[in-house]
Amino acid sequence: MNKTTYLLAATAALTIGTGAISSAKAEDGLFIYNWSDYTAPELIRKFEKETGIKVTLDTFDSNETLLAKMKSSAAGYDIVVLNSDFVEIFVKQGLISKVDASKLRGFSNIAPRWRGPAWDRNNDYTIPYVWGVTAFSVNTKYLKEQTPSLRMLFSPPGEARGKVGMLGSPSEVISLAELYLGMPPCQTDLANMKKVSELLEAQAPAVKVYNTDGVIDRMSSSEVWLSQAWNGDTARARANNPDVKFVFPNEGVTGWMDNVAVPAGARHPENARRFMEFLLQPENAALTSNFTHYSNALPASSPFLDASLRTSTELNIPENLKIVFNPACSEEAIKLMDRVWTRLKH
Ligand code: N2P
């Protein structure tokens with residue numbers, strides 16, 4: 001929308017508005033920074049229509065990219081979406097501001113399980129967006145035999161050589177490697193990190209790409225046959241290509257919640273608040289789940305979910321599966337991860 005049509009839309013919304021809109025200057029807009037392939041266009045249209053607030057969306061591919069952007073001065077965003085294992089890092093570095101989320105309208109719609117989570121005990125800073133798990137997918141057309149073990153990903157069968165896709169960030173790759181090797185996350189033990197490094201170096205010749213963008217496309221098009229993957233992205237790939245299958249490995253999976261927060265110094269904090277309250281309405285959470293194929297934290301959204309989601313093999317996580325929600329790593333652990341990663345990429 002260009003500026004003129006946008007102003008017309010804002011005026012129209014103001015005339016039919018309820019008065020609530022007067023507290024937020026609609027024409028100032030709302031700037032959102034979210035993971036790629038993660039924001040339902042319908043959700044944004046609905047928010048714009050209901051509030052007259054024009055949304056601008058930018059996307060990123062990993063927590064590390066988001067962190068670097070937030071640190072590099074005023075990025076100008078009002079809303080960011082970040083993984084549970086990065087929340088404390090953002091808080092410590094003063095990158096997100098207190099929103100006192102439990103006072104938001106709709107907060108009580110959040111399932112008890114997801115209120116006051118380990119990464120934000122009092123919901124001072126965040127509300128949940130959607131959550132999922134990380135393991136791997138297999139293209140069953142080309143890889144007829146599947147091993148329900150992370151071994152298949154980290155020591156891939158010969159025929160998968162050059163057809164393996166890994167996510168493109170140290171936290172994603174190394175935390176899964178640690179899980180496979182039976183180590184707690186955020187290792188600072190040098191001998192253990194050496195083992196992680198050796199595992200990844202040995203896997204590298206089979207890897208076609210380390211990239212967190214475009215994972216759905218690469219799985220759908222069979223460009224990769226074996227891919228480190230999130231369950232929801234795999235569900236979307238399977239909708240395009242029924243040969244794509246998500247594997248729940250014996251060793252377990254890493255789990256994460258993505259969280260909505262307001263960057264420190266956001267220029268439209270009131271609009272950000274309204275967006276958070278909008279996300280806390282069950283029909284709106286369902287729009288996000290229906291688009292992303294991830295589970296949200298609002299049980300009352302289930303009547304609005306697409307039937308395919310309720311039966312999705314990727315979202316129906318086996319009951320006894322071990323799910324490790326990673327904590328925020330210490331600076332020392334992050335330094336070691338970066339070292340392993342830099343070595344791997346050279
Ligand atoms: C975006 C999926 C992001 C999930 N396609 C990672 N937390």
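## Where the two domains meet

In this predicted model, 22 residues of domain 1 touch 23 residues of domain 2, where contact means heavy atoms within 4.5 Å. Domain 1 covers 3–131 + 257–310 and domain 2 covers 132–255 + 316–345; these bounds come from an automatic or database domain assignment. Taken over C-alpha atoms, the two domain centres are 28 Å apart.

About 1800 Å² is buried between the domains, with carbon and sulfur atoms giving 53% of that area. Buried area here is the accessible area (1.4 Å probe) that two parts lose on being put together, summed over both. On the domain 1 side, Asp-85, Trp-131 and Tyr-294 lose the most area to domain 2, together 30% of what that side buries.

## What holds the count of polar pairs

Between domain 1 and domain 2 there are 0 salt bridges, a salt bridge being a side-chain nitrogen of Lys or Arg within 4 Å of a carboxyl oxygen of Asp or Glu. Polar contacts do occur there: 6 residue pairs, both at pLDDT 80 or more. A polar contact is a pair of N or O atoms within 3.5 Å; within protein, one must be able to donate a hydrogen and the other to accept it, and residues adjacent in sequence count only if both atoms are side-chain atoms.

Two helices, α4 (84–92) and α11 (282–292), each supply at least two residues of the domain 1 side that touches domain 2. The largest share of that side, 5 residues, comes from α4. By class, the side has 9 nonpolar, 6 polar and 7 charged residues; Ala, Val, Leu, Ile, Met, Phe, Trp, Tyr, Cys and Pro count as nonpolar, Asp, Glu, Lys and Arg as charged, and the others, Gly among them, as polar.

## The chain as a whole

Stepping back, the chain has 13 helices and 11 strands, which are DSSP runs numbered from the N terminus (helices H or I, at least four residues; strands E, at least two). Its radius of gyration is 21 Å, close to the 20 Å that the globule rule gives for 346 residues, so the chain is as compact as a globular protein of that length. The radius is taken over C-alpha atoms, and the rule is 2.2 Å times the number of residues to the power 0.38. Along its principal axes, the C-alpha trace spans about 65 × 40 × 40 Å.

## A salt bridge within a helix

Lys-194 forms a salt bridge with Glu-198, their closest N and O atoms lying 3.2 Å apart. The two residues are 4 apart in helix α7 (residues 190–203), so about one helical turn separates them.

## Conventions

Residues are numbered from 1 along each chain as its sequence is written, and side-chain values use heavy atoms, with hydrogens and water left out. Local features need pLDDT of at least 70 and side-chain atom pairs count only at pLDDT 80 or more, while totals for chains, interfaces and linings use all residues.
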